Amino acid sequence: MSKTKDKIQVGDLVGTPNYKQLSNAVGIVTEIRKLFHDRSGAGYTAVTAVFNNETYTFSEKDFTLISKATTHD
């Protein structure tokens with residue numbers, strides 16, 4: 001999960017410091033899904049983000065929140 005108390009949401013800017021090829025890149029979250037293993041019932045949250053025009057999906061724990069998405073009314 002992110003280092004802040006805020007939960008990652010679609011539109012947020014995130015980083016993935018534990019992945020060398022993406023460690024200096026900033027991505028935008030495009031999808032969040034809760035996934036469950038049928039047999040064990042274990043689950044986790046998968047986050048999909050776009051970095052440099054490439055799509056990556058990792059566990060929510062692998063992302064750090066850089067900036068929350070804002071809306072302008």
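What pattern does the chain follow when read along the sequence? The chain runs β-β-β-β-β, and its secondary structure comes to zero helices and five strands. Helices (H or I, at least four residues) and strands (E, at least two) are DSSP runs, numbered from the N terminus. The model is a predicted one, in which local features need pLDDT of at least 70 and side-chain atom pairs count only at pLDDT 80 or more, while totals for chains, interfaces and linings use all residues. Residues are numbered from 1 along each chain as its sequence is written, and side-chain values use heavy atoms, with hydrogens and water left out.

Taken along the principal axes, the C-alpha atoms of the chain fill a box of roughly 40 × 35 × 25 Å. Of the 73 residues in the chain, 30% are buried; here buried means under 20% relative accessible area, exposed over 50%, and partly exposed in between (1.4 Å probe, protein chains only). The chain exposes about 5,400 Å², with carbon and sulfur atoms supplying 49% of it. These accessible areas come from the Shrake-Rupley method with a 1.4 Å probe, and for residues only the protein chains shown count as cover. Among contacts (heavy atoms within 4.5 Å) between residues at least 6 apart in sequence, 44% join residues at least 24 apart.

Turning to the interior, the largest nonpolar core has eleven residues: Ile-8, Val-14, Leu-22, Ala-25, Val-29, Val-47, Ala-49, Phe-51, Phe-58, Phe-63 and Leu-65. Strand 3 (residues 43-51) gives the most to this core, with three residues. A nonpolar core is a set of buried Ala, Val, Leu, Ile, Met, Phe, Trp, Tyr and Cys residues joined through side-chain atoms within 4.5 Å. One of the core members, Ile-8, sits in the segment before strand 1 and is buried, with a relative accessible area of 3%. Its C-alpha atom is separated by 8.1 Å from that of Val-29, a residue 21 positions away along the chain.

Charged side chains come next. The chain has 9 positive and 8 negative side chains, and the centres of the two sets lie 8 Å apart. Lys and Arg count as positive and Asp and Glu as negative, whereas His and the chain ends are not counted; the place of a charge is taken as NZ of Lys, CZ of Arg, CG of Asp or CD of Glu. Side chains of opposite charge can pair when their charged atoms come close. A search of the whole structure finds two salt bridges, each defined as a side-chain nitrogen of Lys or Arg within 4 Å of a carboxyl oxygen of Asp or Glu.

One salt bridge joins Asp-12 to Lys-68, with the closest N and O atoms 2.9 Å apart. Asp-12 lies in the segment before strand 1 (13-15) and Lys-68 in the segment after strand 5 (64-67), so this pair ties together parts that are 56 residues apart in sequence. Asp-12 is buried at 0% relative accessibility, while Lys-68 is partly exposed at 27%. The other salt bridge links Arg-33 with Glu-31, the closest N and O atoms being 2.6 Å apart. Glu-31 is partly exposed, at 31% relative accessible area.

The backbone also deserves a look. Asn-52 is not a glycine, yet has a positive phi of about 50°. This residue lies in the loop between strand 3 and strand 4 (54-59) and is exposed, with 63% relative accessibility. Asn-53 lies in the loop between strand 3 and strand 4, and its phi is positive too, near 65°. Asn-53 is exposed, with a relative accessible area of 77%.
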